[in-house]
Amino acid sequence: MRRHHGGRDAAGSRVEARGATARLGEEADVSALARNYAPLPVTLTSGEGSWVTDVHGRRFLDLLAGYSALNFGHRHPALVEAAHAQLDRVTLTSRAFDHDLLEPFAEAVTSLTGTEMLLPMNTGAEAVETAIKAARKWGYEVRGVAPGQATIIVADGAFHGRTTTIVSFSTDPESHDGFGPYTPGFVVVPYGDADAVADVIDDTTVAVLVEPVQGESGVIVPPEGYLPRLRRACDDAGVLLVLDEVQSGLGRTGTTLAQDLAGVRADLTTLGKALGGGILPVSAVVGRTDVLGVLTPGTHGSTFGGNPLACAVGIAVAELLSPGDLQGRATVLGAQMRERLDALVDEGLLDSVRSVGLWAGVDVHGTHGPDGGRALCEEMARRGVLAKETHGATIRLAPPLTIRTGDLHHGLDVLGDALRALAPR
């Protein structure tokens, strides 16, 4: 596998473990909790809509929305109602038995996404692992790839989860390094370069796996025509196009799926995060019947995948998105957000902005240092607005699709004030 590394310190290198009572700027005793995250020093106790409250009673506007898991805000009434009703009935049967919501869940999500079949799982990484397994098995049984030789083309800078197979093809040193030996069978090419994909497809290729928009890398939007060209390359070679929409899917980009913006349909699409409405982990792979059909009884499964509680919430999520008004809202508010962010670039407070729908990656000036994104998020938190940095000098903005217009502009006002407060004098 071809890989290249960028140099940056671990996200937690400057942050000490903090207890539940730590305030912004304060340190607390080392926690018993493993430090695989470096959160902002804010400890939350409740949330509703776009607002959350911490242990000190202070309210914050949430512009991260659980990395798109909270597309509908905290505790959306329809989702909470669906979960409460199901809690009084049955929450788990395992897949040893059917239950009355499994088929309706599959029908609701495939109808919403314009796909044929659904395989339920729990987390986004599980959905990607499932898609990888299905693509490989399809490659051996249908495409005729020699046993044990299947390869999948992936993109530089991608984030598909943190399981051992997935980190094997990550080009992010923090996700990749120290976890070998690595799973073979992946070829890495530059993101956004459809020609590079076409050039490396060979007799061992079973699929191309990419994100329509790279979220973890800072909302990296590919060039226009990228997805259609990938679709054509896959069709010409007779291989699968697999799109990871765990972050980009379910309304975030102003369409139900990000691929809808390009007018393409993947052979397999992974969903997660918002599918669980911020209530519990729910994920799925949706796509072609003939591809998912290669996974027969005993070849793949999950005790909790497709459990009744997950299905009840997932059906409610599909019902929220079916009318299309939330997708339209993401488009309208996203345009307003982009206009405000461009104004901050023009003012000299930001280096650059990338956005699609109600989703933006914002690059902080190099004058703020390699960890400028962290400093900006801490300053915003002091002012009552929550966002999160990624890769040092970039922050992501992903407000709930249900955010009030006035609240969105308040959050952007705070972003501008925080940037001015941090600007070199």
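Proline 228 is partly exposed in this predicted model, its relative accessible area being 21%, and because the buried class ends under 20%, this residue falls outside that class. Proline 228 belongs to helix H7, which covers residues 226-237. When residues up to four places away in sequence are set aside, proline 228 touches Ala262 and Val264. Between the C-alpha atoms of proline 228 and valine 128 there are 21 Å in space, with 100 residues separating the two along the chain.

From this one residue we can step back to the chain as a whole. The secondary structure of the protein consists of 13 helices and 15 strands. With a radius of gyration of 21 Å, close to the 22 Å that the globule rule gives for 425 residues, the protein is as compact as a globular protein of that length. The C-alpha trace spans about 65 × 50 × 45 Å along its principal axes. Of the contacts in the protein with a separation of 6 or more, 71% are accounted for by residues 24 or more positions apart, and 54% of the 425 residues count as buried.

The surface and the charges can be described in a similar way. The accessible surface of the protein amounts to about 17800 Å², and 52% of it belongs to carbon and sulfur atoms. The protein carries 36 positive and 52 negative charges, whose mean positions are 3 Å apart.

Turning to the interior, the largest nonpolar core has 68 residues, and those with the most contacts inside it are Leu341, Leu397 and Leu415. Helix H10, residues 308-321, gives the most to this core, with 11 residues. A second, separate core has 29 residues, among them Ala135, Val206, Leu268 and Val291. To return to leucine 415, this residue touches Leu341, Leu344, Leu376, Met380, Ile395 and Leu397, when residues up to four places away in sequence are not counted; two of these names, Leu341 and Leu397, are also among the residues with the most contacts inside the largest core.

Isoleucine 153 offers another view of the interior. This residue lies in strand E5, residues 151-155, and counts as buried at 1% relative accessibility. Apart from its neighbours within four places in sequence, isoleucine 153 is in contact with Val187, Val189, Val197, Val200, Ile201, Thr205, Ala207, Val208 and Leu209. Valine 345, by contrast, is 192 residues away from isoleucine 153 in sequence and 35 Å away in space, C-alpha to C-alpha.

Burial is also found in a loop, as glutamine 247 shows. Glutamine 247 is placed in the loop between strand E8 (240-244) and helix H8 (259-262), and with a relative accessibility of 9% it counts as buried. Its contacts, leaving aside neighbours within four places in sequence, are with Tyr67, Ser68, Phe159, Gly215, Glu216, Arg252, Lys273, Trp359 and Arg396.

Tyr67 and Ser68, both in contact with glutamine 247, have backbone angles that deserve a careful look. Most residues other than glycine have a negative phi, and most peptide bonds are trans. Tyrosine 67, although it is not a glycine, has a positive phi of about 55 degrees, and serine 68, also a residue other than glycine, has a positive phi near 85 degrees. Tyrosine 67 is found in the loop between strand E3 (59-62) and helix H1 (77-87), and serine 68 likewise lies in the loop between E3 and H1. Their accessibility is given by a relative accessible area of 26% for tyrosine 67, which is partly exposed, and by 1% relative accessibility for serine 68, which counts as buried.

A further backbone feature concerns a peptide bond. The bond from glycine 180 to proline 181 is cis, with omega near 5 degrees. Proline 181 is found in the loop between helix H5 (173-176) and strand E6 (186-189).

Glycine 124 closes the tour. This residue has its place in helix H3, residues 124-143, and is buried, with a relative accessible area of 16%, a value that meets the condition of being under 20%. Outside its neighbours within four places in sequence, glycine 124 is in contact with Val246 and Ser283. The C-alpha atoms of glycine 124 and glycine 276 are separated by 11 Å, although the two residues are 152 residues apart along the chain.

Notes:
Residues are numbered from 1 along each chain as its sequence is written. This is a predicted model: local features need pLDDT of at least 70, side-chain atom pairs count only at pLDDT 80 or more; totals for chains, interfaces and linings use all residues. Side-chain values use heavy atoms; hydrogens and water are left out. Helices (H or I, at least four residues) and strands (E, at least two) are DSSP runs, numbered from the N terminus. The radius of gyration is taken over C-alpha atoms; the globule rule is 2.2 Å times the number of residues to the power 0.38. Buried means under 20% relative accessible area, exposed over 50%, partly exposed in between (1.4 Å probe, protein chains only). Contact means heavy atoms within 4.5 Å. Accessible areas come from the Shrake-Rupley method with a 1.4 Å probe; for residues, only the protein chains shown count as cover. Lys and Arg count as positive and Asp and Glu as negative; His and the chain ends are not counted. The place of a charge is taken as NZ of Lys, CZ of Arg, CG of Asp or CD of Glu. A nonpolar core is a set of buried Ala, Val, Leu, Ile, Met, Phe, Trp, Tyr and Cys residues joined through side-chain atoms within 4.5 Å.
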